[in-house]
Amino acid sequence: MPASTPAPKIGLFVTCPVDLMRPSVAFACIKLLEDAGCEVVVPPQSCCGQVAWNNGLSGEARTLARQVVAAFAAVDYVVAPSGSCASMLKNHYPTLFADSDELARVEAFSARVYELTVFLHDVLGVQSNSPAPAENSKTVAYHDSCAGLRELGIRQQPRALARHYRGVHLGDLEDSETCCGFGGTFCVKFADISNHMVTAKARQVAALHPDLLLGGDLSCLLNLAGKLRRQGDRDTRVFHIAEFLAGWDDRPALGWEE
Amino acid sequence: MTAPAEDFIARSREALGDTSLQAALARARPGFVRKRASAVALVANFDALKAKAKAVRQRSLRDLDSYLAVFEQRVTAAGGRVHWAATTADLRRIVLDIARATGARSATKGKTMVGEEAKLNEALEEAGIQPRETDLGEYIIQLAGEPPSHIVAPALHKTRAQIVELFLRDHHLGERELASVKDLVDEARTVIRRHYLEADIGITGANILIADTGTCVLCTNEGNGDLTASLPNTHIVTTSIDKVVASWDDASALLRVLARSATGQAITTYTSFYGPRGDGDLDGPEHFHVVLLDNRRSQLLGSDFQEMLQCIKCGACMNHCPVYQAVGGHSYNSVYPGPMGAVLTPLLRGEPGDFALADASTFCGRCEEVCPVGIPLPALLRKLREMSARQRGQGPGPWLIKGFTWLARHPRLYRWSTSLTTALLARISGRRGSWRRFPGLGRWLRYRDLAAPQGSSFQHQWRKARGGEDRA
């Protein structure tokens, strides 16, 4: 971007799982965005309301949505390291306010929301024309999370960015478009079915036997990493795509001891 | 209070432990997904076909009453009869009245999901009329005394070994063995052929009704529909009011997406068009009846759930649903399983446990992606969750979520308590990266470890690094 253009001001929407479980993902986002010439701020925030919305509590979800819209009023873009939370902000907020006079304000907010890899690739134009030389011969697999894939069309962005930043080709799991079984409260309400789904996913990971397993949604990764670990897998190291792009995959993997 | 989801959970747990069922599901799933994908890839622009099909369905629902009136008028003018069944009981009564009037003792049946919905077979049996299924899948589950587990492949839950066992039990095979699939099909064909010739009435469903010409369209792959419809002297079509479209053009727009979505065929082996016997026709049934079931469908018109009536019953949503694929159709305890069933069952039947079916989804969205008529299934499931949250109110789930939401509404308190909690948890876990046990997390930890938090919350670390600037 030309030097004369003022740096776009990004409000980082951290997401609950990252805020509470894995702050390094948020720090990686800040590094990536600042390196790409953005100014990053972190407005005070909590939950986007997705848990309430998906459990039929639309009133509660609306309350939280208003709070998020207000907190991010002063930024150019809202960026979230999660397809599912970004889609909540981008696609579901307007639905929540469909019949209200707040709709225009919410739509203006939603239009500025992007998932991290989409923002880097599609908006900032971080391109893979001159990919970085491959750092090593690691096999790296990518898990496409459902909301990102189907609600935001995220597929080639993380793959292109992995080539650009790390010179790495991301491998696809077999059945890569099938859900890992997380599904928010689904994984505890329907624990047996969720287990069936994540077991199938773990089988597909084992078949590819990657050194690293990446994804764009920490919640799905918690599910996958937890299952792999329970099965005694001590080889597959799980990271959020932001951590990998930032080159932080030499740090402790998700669920691994330091 | 037991959560209404418990029934589904209990059935699904049984299904997950049923090795035969799991084998049958594992066998069926990749075929459905792959075949649909190849069929879609062979079309220049499947999305355009989907958009057209969706538009056809939406238009027909918008003017459903007038299309139905035209359909009835055309069928009547051609010498047939249209009957209106407000409820499933009405449908049973109407069919039985027709059957009794003809003195019928046996009826062949093509696959009719509306017949399943109305439990028509039981009613026929009670009235002393032997219903004989002619669709191979339906025939198998009739032998087994089971309901269908899939709307296109009713015996999908059965393994070949189980089918052989049923045939060995019920057929007089003598020395013959049923070693191959061909043997099984031949055996069924021999028996079912006899049934065609004995039948007094034939009952089929319909995939589409065409108002312009009063035509019933039926898609099959076995040709059983045609023999059921044309050999007996009376043909009864049992279907539902939502199936009507304006014209043959509209019908062909649906046919272009139906078989591709269902079985990955460009078109089903047999696509049949039925109506009353014409003056110049050399053959065909003398009596032609169409029984149109409402069963609360008309209440969905103009409601938040009207889009569900766009459904053309292709089964793509269940073929691609990870939950259906894990637990099979019987777990849904409804003739309509999978995502479309999870929406339709509470709306059409509305038993207390039915609403819990809407919870059994991760909202992965694959059903909506493959739906050929653009039904926003996840959004409809979410609306059902909203309805049941309003009715149910205060289950333990909602309280937890409401508590969390309350906390999330107080950002300062949220940040303070979460940073304290995560820091504490990180300290407790020490250098362990994951937990295998933790109080209150049993449902997660039963099957997987949980990564411990890295330290205090990100927001806490961030503000600390920035000198606590969010105090303002």
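# A tour through chains A and B

Start with chain B, whose secondary structure comes to 22 helices and twelve strands. Keep in mind as you go that this is a predicted model. With the C-alpha atoms of chain B shown alone, you are looking at a box of roughly 95 × 60 × 50 Å along the principal axes. Chain B has 472 residues, and buried residues make up 51% of them. If you draw its contacts with a separation of 6 or more, 74% of them link residues 24 or more positions apart.

**Stop 1: the domains of chain B**

Colour residues 40–299 of chain B as domain 1 and residues 410–471 as domain 2. The C-alpha centres of these two domains of chain B lie 58 Å apart.

**Stop 2: a mixed sheet in chain B**

Now select strands 8, 5, 6 and 9 of chain B, which form an open sheet in the order 8-5-6-9 with mixed pairing. Which strands are at the edges? They are strand 8 (244–245) and strand 9 (270–274) of chain B, each of which pairs on one side only.

Zoom in on strand 5 (residues 208–210) of chain B, which runs parallel to strand 8 of chain B and is joined to it by two bridges. To find the pairing in the viewer, pick Leu209(B): its bridge partner in strand 8 of chain B is Val244(B).

Next, add helix 12 of chain B. This helix lies across strands 5, 6 (215–220), 8 and 9 of chain B, and it runs at about 165 degrees to strand 5 of chain B. Keep helix 12 of chain B highlighted for the next stop.

**Stop 3: the largest nonpolar core**

The largest nonpolar core has 215 residues, and those touching the most other members are Cys29(A), Val79(A), Leu89(A), Leu254(B), Val291(B) and Val343(B). Helix 12 (residues 248–262) of chain B gives the largest share of this core, eight residues. As background, nonpolar side chains tend to be buried together in soluble globular proteins.

From this list, centre on Cys29(A). Leaving out residues up to four places away in sequence, Cys29(A) touches Leu12(A), Val79(A), Pro81(A), Leu116(A) and Ala242(A).

**Stop 4: a parallel sheet in chain A**

Move to chain A and select strands 2, 1, 3 and 4: these make an open sheet of order 2-1-3-4 with parallel pairing. Strand 2 and strand 4 (113–115) of chain A are the edge strands, each pairing on one side only. Looking across the sheet, you will find neighbouring strands turned by 35 degrees against each other on average, direction ignored.

Strand 1 (residues 9–12) of chain A runs parallel to strand 2 of chain A, with three bridges between them. One to pick out is the bridge from Ile10(A) to its partner in strand 2 of chain A, Val40(A). Helix 7 of chain A packs on this sheet, where it touches strand 3 (77–80) and strand 4 of chain A. The direction of helix 7 makes about 100 degrees with that of strand 4 of chain A.

**Stop 5: between the domains of chain A**

Colour domain 1 (9–123) and domain 2 (140–245) of chain A separately. Their C-alpha centres lie 22 Å apart. The contact takes 26 residues from domain 1 and 22 residues from domain 2 of chain A.

Which elements give two or more residues to the domain 1 side? In chain A, select helix 1 (16–21), helix 2 (23–35), helix 3, helix 5 (83–96) and helix 7 (116–123). Helix 7 of chain A, which you met on the sheet, gives the largest share of this side, six residues. By class, the domain 1 side has 13 nonpolar, ten polar and three charged residues.

**Stop 6: where chain A meets chain B**

Show both chains together. Their contact takes 56 residues from chain B and 60 residues from chain A. On the chain B side, the largest share, seven residues, comes from helix 19 (residues 396–408) of chain B. That side has 24 nonpolar, 15 polar and 17 charged residues.

**Last stop: Cys47(A)**

Finish at Cys47(A), in the loop between strand 2 (39–41) and helix 3 (50–54) of chain A. Is Cys47(A) buried or exposed? Cys47(A) counts as buried because it has 24 C-beta neighbours inside 10 Å, where 20 or more are needed.

Leaving out residues up to four places away in sequence, Cys47(A) touches Cys16(A) and Leu64(A) in its own chain, and Phe404(B) and Ala408(B) across in chain B. For one more distance, draw a line from Cys47(A) to Ala65(A): they are 18 residues apart in sequence and 8.7 Å apart in space, C-alpha to C-alpha.

Note on methods. Residues numbered from 1 in each chain as written. Chains lettered and ligands numbered in written order. Predicted model: local features only at pLDDT ≥ 70, side-chain atom pairs only at ≥ 80, totals over all residues. Helix = DSSP H or I, 4+ residues; strand = E, 2+ residues; numbered from the N terminus. Buried ≥ 20, exposed ≤ 12 C-beta atoms within 10 Å, placed from the backbone. Contact = placed C-beta atoms within 7 Å. Core = buried A, V, L, I, M, F, W, Y, C linked by C-beta atoms within 7 Å. Domains from an automatic or database assignment. Nonpolar A, V, L, I, M, F, W, Y, C, P; charged D, E, K, R; others polar. Pairing = 2+ DSSP bridges. Axes fitted to C-alpha atoms, helices over the stretch in contact; angles between N-to-C directions.
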